[in-house]
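Trainee: Got a minute to walk through this one with me? I'd like to go piece by piece.
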Amino acid sequence: MKHLQVSVGIIRDSEQQIFLAQRPASAYMGNKWEFPGGKIEAGETPEQALKRELLEETGIEVLNAAPYDTVDHTYTDLRVTLYFFIVDSWNNQPYGREGQPQRWVLQSELNAEDFPPANAEIVARLKASA
């Protein structure tokens with residue numbers, strides 16, 4: 001079974017809004033909303049991958065990223081290990097650099113059903129702590 005290791009940024013502003021991007025319809029879990037991030041490349045730490053991926057996907061330069069949690073999730077055909085970081089300081093305004101839809105959502109209004117199942121526990125925790 002394929003095993004992906006992924007760094008994920010929970011980009012949160014001072015008003016407790018979180019930046020989300022929508023997965024392409026053609027992608028695995030297409031049209032679901034997600035916290036931006038991507039695969040950890042060989043030789044990269046999770047934090048290095050996070051900074052690279054967020055620059056590529058959202059155009060931001062991460063200034064502060066605090067580890068939040070690690071989730072291991074197995075789908076029927078894929079295992080993912082997700083390294084979540086709270087990103088609360090950055091340069092530039094995040095946007096969908098790859099043309100993907102994006103939006104800001106209040107942390108208290110996050111809905112786990114909008115996300116891939118591997119994110120459900122994190123979404124629930126964020127919402128509960130808002």
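Trainee: Let's jump right in: what does E57 touch, not counting residues up to four places away in sequence?

Mentor: Keep in mind that this is a predicted model. On one hand E57 touches P36, G37 and G38, and on the other Y95, G96, R97, E98 and Q100.

Trainee: And where does E57 sit? Is it buried or exposed?

Mentor: You'll find E57 in helix 1, residues 46–58. Its relative accessibility is 8%, so it counts as buried.

Trainee: Which residues does the UniProt "binding site" annotation cover?

Mentor: According to the UniProt record, an unreviewed entry, that annotation covers G37 and E57. They span 21 residues in sequence, but their C-alpha atoms are no more than 7.5 Å apart, so they gather at one spot. Both G37 and E57 also belong to the lining of the largest pocket.

Trainee: OK, then G37. Which strand is it in, and what is it in contact with beyond its neighbours within four places in sequence?

Mentor: G37 is in strand 4. Leaving those neighbours aside, its contacts are S7, V8, E53, L54 and E57. At 14% relative accessibility G37 counts as buried, because the cut-off for that is under 20%.

Trainee: Switching to the sheets. What's the strand order in the one with four strands?

Mentor: The order is 4-1-6-5, in an open sheet with mixed pairing. Strand 4 (37–39) and strand 5 (61–74) are the edge strands, each pairing on one side only. From one strand to the next, the twist averages 20°.

Trainee: How many bridges join strand 5 to strand 6?

Mentor: There are 12 bridges, and the two strands run antiparallel, with strand 6 covering residues 78–91. As an example to click on, P67 stands opposite F85 of strand 6.

Trainee: Which helix packs on that sheet?

Mentor: Helix 2, residues 120–128. It touches strand 1 (2–11), strand 5 and strand 6, and its direction makes about 125° with that of strand 5.

Trainee: I've got T81 selected too. Which side chain does it make a polar contact with?

Mentor: The side chain of D72, at 2.5 Å. T81 is in strand 6, and at 7% relative accessibility it counts as buried. Apart from neighbours within four places in sequence, T81 is in contact with H3, L4, Q5 and V6, plus T70, V71 and D72.

Trainee: Now the sheet of three strands. What's its order, and which strands stand at the edges?

Mentor: That open sheet runs 3-2-7 with antiparallel pairing. Strand 3 (33–34) and strand 7 (102–106) stand at the edges; each has a single partner strand, so one side of each is left without a neighbour in the sheet. Strand 2 (residues 17–22) pairs with strand 7 over five bridges, and F19 has W104 as its bridge partner there.

Trainee: Last topic, backbone angles. What is phi of Q16, and what is phi of N92?

Mentor: Phi of Q16 is near 65°, a positive value in a residue other than glycine. For N92, phi is near 80°, again positive in a residue other than glycine. Most residues other than glycine have a negative phi.

Trainee: Where do I find those two?

Mentor: Q16 lies in the loop between strand 1 and strand 2, while N92 is in the loop between strand 6 and strand 7. With 37% relative accessibility, Q16 counts as partly exposed.

How values were computed: Residues are numbered from 1 along each chain as its sequence is written. This is a predicted model: local features need pLDDT of at least 70, side-chain atom pairs count only at pLDDT 80 or more; totals for chains, interfaces and linings use all residues. Side-chain values use heavy atoms; hydrogens and water are left out. Two strands pair if DSSP finds at least two bridges between them. Axes are lines fitted to C-alpha atoms, for helices over the stretch in contact, and angles run from 0 to 180 degrees between N-to-C directions. Contact means heavy atoms within 4.5 Å. UniProt positions are given in the numbering used here, feature names are shortened, and annotations may be inferred rather than shown by experiment. On a 1 Å grid over the protein atoms alone, a cavity is a set of points where a 1.4 Å probe fits but cannot get out, and a pocket is an open set with protein on both sides within 12 Å along at least five of seven lines; lining residues have an atom within 4 Å of a point. Buried means under 20% relative accessible area, exposed over 50%, partly exposed in between (1.4 Å probe, protein chains only). A polar contact is a pair of N or O atoms within 3.5 Å; within protein, one must be able to donate a hydrogen and the other to accept it, and residues adjacent in sequence count only if both atoms are side-chain atoms.
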